[in-house]
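I opened this structure to go through the ligand site, the ring pairs, a few strands and the odd backbone angles. These are my notes, in the order I looked.

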Amino acid sequence: MTPPPFDPTTIRRDFPLLTTPFHGKPMIYLDSAVSGLVPLPVLGRMDHYQRLEHTNVHRGVSTLSQEATDRFEEAREKVRSFLNAASTKEIIWTRGTTEAINLVAQTFGRANIHAGDEILLSAMEHHANIVPWQMLAEERGAKLRVIPMSDAGELILDDLEALLTPHTKLLGVVQVSNVLGTINPVKEIIARAHAKGVPVLVDGAQAVPHLTVDVQDLDADFYVFSGHKLSGPTGIGVLYGKKALLEKMPPWHGGGSMILSVSWEKTTYIGLPGKFEAGTPAITQAIGLGAALDYLQGLGLDRIAAYEHELLHYATEKLSAIEGLCIVGNAKAKASVLSFVLEGIHPHDVGSILDHDGIVVRAGHHCAQPVMQRLGIPATTRASFAYFNTREDVNALVAGILKVQEIFK
Ligand code: PLP
């Protein structure tokens, strides 16, 4: 059966914020890269769980507890299927991308990275994939090395083999840059790193809302993302890791749920994935993330990607035509993230004036200060598009930008 046409007008009804007056106007939300809006069916699923199904999981024999555990583990299975991971043992719940990377740094990193070793990162990483490694490198006497990028915002991979030295213990790379929108060729990068025996962590925070991800096809060793960028709630995220690697890693947080037995002399741990999930997890949020995946799959991940691609193309064309506007990030392969600077006007002023017009964008360094340093700019204004945005939203952004320019003339 042919699915109905992709219709953002109908989809928008699932987002009450879009019809709630904001500075006296309907809100135009162009900030999904900072956090996605959560659709009503996802909110409804969490509400239902919390009202009627909730208790703690993996504890006790009560029917309520067993059913809550089933719902929680069903959500894990949804994530497994979404990433095409081989097993739910490879899906670890975390609070988000940041916590997932810290987990890898503090377990895999502390077990494998020592004085003189190197961690190779790309020039367009979010702070979340820099700072945990820098902290570890300082502690261990290891070194960070950087894959450079071009002015257009593409990684320069010509010298990748030279950067992958016998001391390299991990390569960390973002799949989609949150500043530039660049889609990095992570499958190729992983293959080249593996040829040198180096495992790869992929930061998928900005990729999962826009691309279909298959961790087995990518052959990623670790893949991390956050629920709140994916139409799910905050407070939940995922670490995917290859089972063989996760099994060898020591636990990170200690406490209830992750133990097999505890005595004053010794504690033994359970297997995957519980070994990395000490304490009461974010149950409602995990179930919410599962519902978000159902929602997105209901709309069709391929159709979302195609629609957003078309919208990005339209927005790029419209914004490029504005005199004095410079798009930051002109990679050939891009997801629907559009950063720009306006000649003579600080991005914070652009963001504030657009905000008063009901247009929500992000202005700043986007937690990627090394990208700003590389490009020699203090900040950008960033519009990011989701499946509920329309050409009318883009037109409103263009009108808003022209108004900003008029004010600063
Ligand atoms: N990595 C990238 C590329 C991001 O865009 C973000 C958030 O903006 C993060 C990591 C951090 O995500 P979180 O704050 O949800 O942990």
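Helices and strands in these notes are DSSP runs, at least four residues for a helix and at least two for a strand, numbered from the N terminus. The model is predicted.

**Entry: a cis peptide bond**

I started with the loop that runs between strand E12 (267-269) and helix H10 (283-299), where I found Pro273. The peptide bond joining Leu272 and Pro273 is cis. I read an omega of about -5 degrees there. Most peptide bonds are trans, so I wrote this one down.

**Entry: positive phi**

Most residues other than glycine have a negative phi. I looked for exceptions and noted two residues.

Asn84 has a positive phi of about 55 degrees, and it is not a glycine. I placed Asn84 in the loop between H3 and E4. Is Asn84 buried or partly exposed? Asn84 has a relative accessible area of 31%, so it is partly exposed.

Cys367 also went on the list, with a positive phi near 55 degrees. I located Cys367 in the loop between strand E16 (362-364) and helix H13 (369-375). Its relative accessible area is 25%, so Cys367 too is partly exposed.

**Entry: the ligand site**

Which residues surround the ligand? I listed Thr97, Thr98, His126, Ala128, Val174, Asn178, Asp203, Ala205, Gln206, Ser226, His228 and Lys229. I sorted this shell into three nonpolar, seven polar and two charged residues.

Next I checked polar atoms. Thr98 puts a polar side-chain atom 2.6 Å from an oxygen atom of the ligand. Ser226 does so at 2.7 Å, also to a ligand oxygen atom. For Asp203, a side-chain N or O atom lies 2.5 Å from a nitrogen atom of the ligand. How much of the ligand does the protein bury? The ligand alone exposes 390 Å², and the protein buries 85% of that.

**Entry: strand E8**

Asp203 took me to strand E8 (residues 200-203). I found both faces of E8 covered. Val200 and Val202 are buried on one side, Leu201 and Asp203 on the other. In a regular strand the side chains alternate between the two faces of the sheet.

I then looked for a partner. Strand E7 (residues 168-174) pairs with E8 in the parallel sense, over four bridges. I noted one bridge in particular: Gly172 has Leu201 of E8 as its partner.

**Entry: strand E4**

I turned to E4 with the same question about its faces. Ile91 and Trp93 lie on one side, Ile92 and Thr94 on the other, and all are buried. Both faces of E4 are therefore covered, with buried meaning under 20% relative accessible area.

How does E4 run relative to strand E10 (residues 237-241), parallel or antiparallel? The two run antiparallel and are joined by four bridges. Across from Ile91, I found Tyr240 in E10.

**Entry: aromatic rings**

I counted eight aromatic pairs in the structure. I picked Phe72 and Trp93 for a closer look. Their ring centres are 5.9 Å apart and their planes meet at 40 degrees, so the pair is tilted. The cut-offs put stacked under 30 degrees and edge-to-face over 60.

Phe72 belongs to helix H3 (residues 63-83) and Trp93 to strand E4 (residues 91-94). The pair links distant parts of the chain, 21 residues apart. Phe72 has a relative accessible area of 1% and is buried. Trp93 is buried as well, at 6%.

I also noted a cluster: ring pairs link Phe15, Tyr295, Tyr387 and Phe388.

**Entry: two more helix residues**

Thr107 lies in helix H4 (residues 97-112). I read 0% relative accessibility for Thr107, so it counts as buried. Where does its side chain find a polar partner? A polar side-chain atom of Thr107 is 2.6 Å from the backbone oxygen of Leu103.

Ser81 was my last stop, in helix H3. Its relative accessibility is 39%, so Ser81 counts as partly exposed. I took one long distance from here: the C-alpha atoms of Ser81 and Val131 are separated by 30 Å. These two residues are 50 residues apart along the chain.

Notes
Residues are numbered from 1 along each chain as its sequence is written. This is a predicted model: local features need pLDDT of at least 70, side-chain atom pairs count only at pLDDT 80 or more; totals for chains, interfaces and linings use all residues. Side-chain values use heavy atoms; hydrogens and water are left out. A residue is near a molecule or strand if one of its heavy atoms lies within 4 Å of it. A polar contact is a pair of N or O atoms within 3.5 Å; within protein, one must be able to donate a hydrogen and the other to accept it, and residues adjacent in sequence count only if both atoms are side-chain atoms. Accessible areas come from the Shrake-Rupley method with a 1.4 Å probe; for residues, only the protein chains shown count as cover. Ala, Val, Leu, Ile, Met, Phe, Trp, Tyr, Cys and Pro count as nonpolar, Asp, Glu, Lys and Arg as charged, and the others, Gly among them, as polar. Rings of Phe, Tyr and Trp (its six-membered ring) pair if their centres lie within 6.5 Å; planes under 30 degrees apart count as stacked, over 60 as edge-to-face and the rest as tilted. Buried means under 20% relative accessible area, exposed over 50%, partly exposed in between (1.4 Å probe, protein chains only). Two strands pair if DSSP finds at least two bridges between them.
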